[in-house]
Structure formats: C-alpha cells, structure tokens
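Biologist: Before I rely on any of the labels attached to this complex, I would like to hear the reasoning behind them. Could we take them one at a time?

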Amino acid sequence: MTGLACARVRVLLEPYVDGELEQTDPETARAVRDHLVTCSDCRRQHQQTVSLPFRMKALRSPAPPTTLVAGVMSSIAPQPQASRAAWGLLVPEALLGAFILWYVSGLDGLTALASGAWVNLQGLAFWGSGTAPLPSVPVADVLLLGAFITLTAIAAYHLSLLAKLDQTVAPRLTERRRA
Amino acid sequence: MHAQAPAQAFPMTGTPDARTLATGQLAHEATGGDLDAFEELVRRMQRRVYGFAYQHLRDLDEAHDLTQEIFVKLYRNLARYDAERPFEPWFWKLAANTTINYRRKRVPTPTDQSADQATTGPESGFPAHDPALIDALAQLDPAYRLPILLHYYADLPLEQVAQSLSLTVPAIKSRLHRARALLRNSLAESEEADQS
C-alpha cells in the first residue's frame, strides 16, 4: 500500500485512536501508523485526538446551587394557597346546595317548583301581551334563583382552581409525603 | 453507573429509606407518589444534570433554569416511566429533549456570542480550567455537542447515548467521530493562533 496523504490520515484519526480501524481495516491502520512516524503535523493532531476524551472527562463544572433541590420541590408541590382556596370553596357550595335541597325538598317540592315556574312564565306572557298586570314573584323563588346562580358561579371558579392544581401535580402522584 | 438494574431487582418490603435505594427504584417509588423518593432522586442526579446543563449553556443562571426544568419535566413524566427498563437512558432522553427545546426558546444562545465571552466572560461566572476546549465546545453545533457531553461528561455508554437521542449506535459513533474531529481542528487552530 502506498503512503497516505495527510488529509486522508486526519479523517481516519478518530476510528484509528478508538481501535475501530484496526478491526475493520488493519492494512489502512498500519498505513496511518507509518504516516504518523514520518509526519509531525499529523502526529500533533494524533496527540490531540488521543487526549481529547480525557480532557472532556476532566472538564470541571460548578457545584449546583444549594437552593436547587428546594426550588424543584417547591415547583412541583401544589400551591398551599390555591389548595386551601379549593377546599374552602366546598363550604359555600355545601350551604347553597343544602338551601336548594331544603327548598325543593323531594318530589313534592320539585313539582311545586315546576308548577310555580310555569305560572310565573304564563303571568309574564300575559303581562307582555298587555292582558294582565305584572305578576308578583314570591321572594323565596328569587332567593332560590339567586342561590342557584351563585352556586353555578362558585362551582365554575372551583373547577378553574382544580384545573390549575392539576397542572401542578402529575396525574398519578398524590400528596402523601411522610413527615 | 452505566447500566442500571431494573427496578424489580430490588423488591420492596415496607417503606425503605429513600437514601438506600437505586435511582431506578427511587423513580419507581416516586411514580407511586413518594415525594421523599423524588427528592432523593433529584439530590443524587443534580450534580451531573447541572454540570451537563452548565457545559452545554456556559451560564450559571441558565444552567440552573435548565436543570430545574429537566427535573420538573421528569416529575410530570414519571407516570410514563416503565420500571421494567433502566432509568438512566429514559431520564437522559428526557433531559436531552428538554435541553433541545430549551435552546430553541432561548435568544440569543451563548454559541452566538464570541468565544472569549463564552469562556471567560462574567456571564459564565465560573473560571474555565481548559479555555481552549471550552471555546471549541461552545462553537460546536448542538447536534454534535449533545452526544459529546452525554458520552464524555455525563459518562453514558454509547448505547445509552444512542437511546437518549433516538439514534442508532453506528450513527452516534459517526457523530462522535465528527464532533471530535471538529474539536481537534478547532483546538489546532487556537494553538496556531497562540503560537503566532
């Protein structure tokens, strides 16, 4: 085999240093070796190739900041304020729910509510057509409507809080940190 | 480190102290909701992950942000970890992807800056003991720098680097050879510049 050109040797230096060239093409590996004996420029490149992995492994890095672990843990922990707010909302929801249930109070209550709503709608229709005066709606019905609207609004806010909490905590992970 | 035993090789009895568990087992415990296990996992991995992030970004604050992002992403993806398989390749794949996406979000990247700034500038905040190599690394395309850092700095074997970057082992070998050749040329040029 004739001698190799410097450009060719430099392309082969990494597989040569890793020993791969010796395994796949021993004749070319021998030619590289011979070239290195006679060429000082390529010998310098060869030395760089040999030392590079060791220099890479010897690279130093600063120690991680002492706050790193705490920062990670606080990033993944559910926000206590949001968590408290999410739980706290159960109280007005329960109160409003209890009021609505007490007012409706079973099948009779539901029937009365439906018939009352029907009568009110009819009254409004007659008032609209000018055949009857404006119907008087019972105060309790207004309260019920208000309670229902409030409950809906609180429940929507509650759901938004829960959705935020869900983004913070992985689905399968539940808070059971040991003391 | 290198190849890790699957989590099942460490059968659980009761609730063992997190400090005595292997990383794969810690990940398995954390998947079940054990925050102590996750904290211990972060504690064990933080030095290598932070060093990897720092060598990639050459900036203390950015390295801190990236490290934190990697661990938060790890936490959010723990449910996808298959405890039958070794933890490290899975983790480093996630770390590599997070790093690639993190770089895309950053403007400008340190490699856009001059080599002098990348090695000794105040934004580095850490004295470089091999400035020529650090210059050369900073100039390297991330597609070459990542496998170099994973293999030589994070100390992953070729198979795990290949898995982490979703490439074949021959492709990783070829990329490492090319990266080392580029570094070698860069180092030779800087030596010539120093001599002249």
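**Labels and their grounds**

Modeller: Let us start with A:Leu162, which is found in helix α9 of chain A, residues 139-168, and keep in mind throughout that this is a predicted model.

Biologist: Why is A:Leu162 called partly exposed?

Modeller: A:Leu162 has 13 other C-beta atoms within 10 Å, and since a residue counts as exposed at 12 or fewer and as buried at 20 or more, with partly exposed in between, the count of 13 puts A:Leu162 in the partly exposed class. In space, A:Leu162 lies 6.7 Å from A:Ala86, C-alpha to C-alpha, although the two are 76 residues apart in sequence.

Biologist: What makes A:Gly88 exposed?

Modeller: A:Gly88, placed in helix α6 (residues 80-88) of chain A, has 12 other C-beta atoms within 10 Å, and because the exposed class takes in counts of 12 or fewer, A:Gly88 belongs to it. The C-alpha atoms of A:Gly88 and A:His158 are separated by 9.5 Å, with their positions 70 residues apart along the chain.

Biologist: How do you know that the length of helix α8 of chain A agrees with its number of residues?

Modeller: Helix α8 of chain A covers residues 106-129, and its 24 residues, at 1.5 Å a residue, should span 34 Å, where the expected span is taken from one less than the number of residues; the end C-alpha atoms are 35 Å apart, which agrees. As for its surroundings, α8(A) is hardly covered, the count of buried residues among its 24 being zero. Just after α8(A), A:Gly130 takes a positive phi of about 80 degrees.

Biologist: What makes helix α1 of chain B largely enclosed?

Modeller: Eight of the nine residues of α1(B), residues 23-31, are buried, so this helix is largely enclosed by the rest of the structure. The buried residues are B:Gly24, B:Gln25, B:Leu26, B:Ala27, B:His28, B:Glu29, B:Ala30 and B:Thr31. Just after α1(B), B:Gly33 takes a positive phi of about 105 degrees.

Biologist: How are the two chains built, and what share of each counts as buried?

Modeller: Chain A has nine helices and zero strands, and there are nine helices and zero strands in chain B. Of the 179 residues of chain A, 12% count as buried, while for the 196 residues of chain B the figure is 44%. Among contacts between residues 6 or more apart in sequence, those joining residues 24 or more positions apart account for 67% in chain A and for 55% in chain B.

Biologist: Which residues touch the most other members of the largest nonpolar core?

Modeller: They are B:Leu41, B:Ala53, B:Leu149 and B:Leu150, in a core of 55 residues. The largest share of this core, twelve residues, comes from helix α2 (residues 35-57) of chain B. Leaving out residues up to four places away in sequence, B:Ala53 touches B:Ala63, B:Leu66 and B:Thr67. Apart from this core lies another, of seven residues, including A:Val9, A:Tyr16, A:Ala31 and A:Cys42.

Biologist: How many residues does each chain bring to the contact between them?

Modeller: Chain A brings 31 residues and chain B brings 37. On the side of chain A that touches chain B, α1 (6-18), α4 (40-57) and α5 (68-76) each supply at least two residues, and α4(A) gives the most, with eight. By class, that side has 16 nonpolar, seven polar and eight charged residues.

Biologist: Where in chain B is the confidence lowest, and where is it highest?

Modeller: The lowest mean in chain B, 44, belongs to helix α5 (residues 115-120), and the highest, 93, to helix α3 (residues 60-77). Over the whole of chain B the average pLDDT is 79, with 76% of the residues scoring at least 70. The pLDDT stays under 50 over residues 1-15 of chain B, where the model has 26 contacts beyond four places in sequence, and also over residues 109-123 of chain B, where the model has 27 such contacts. Where pLDDT is low, the predicted coordinates should not be read in detail. For the complex, the predictor gives an ipTM of 0.72 and a pTM of 0.63.

Methods: Residues are numbered from 1 along each chain as its sequence is written. Chains are lettered from A and ligands numbered from 1 in the order in which they are written. This is a predicted model: local features need pLDDT of at least 70, side-chain atom pairs count only at pLDDT 80 or more; totals for chains, interfaces and linings use all residues. Helices (H or I, at least four residues) and strands (E, at least two) are DSSP runs, numbered from the N terminus. Two residues are in contact if their C-beta atoms, placed from the backbone, lie within 7 Å. Ala, Val, Leu, Ile, Met, Phe, Trp, Tyr, Cys and Pro count as nonpolar, Asp, Glu, Lys and Arg as charged, and the others, Gly among them, as polar. A nonpolar core is a set of buried Ala, Val, Leu, Ile, Met, Phe, Trp, Tyr and Cys residues joined through C-beta atoms within 7 Å. pLDDT is the predictor's confidence in each residue, from 0 to 100.
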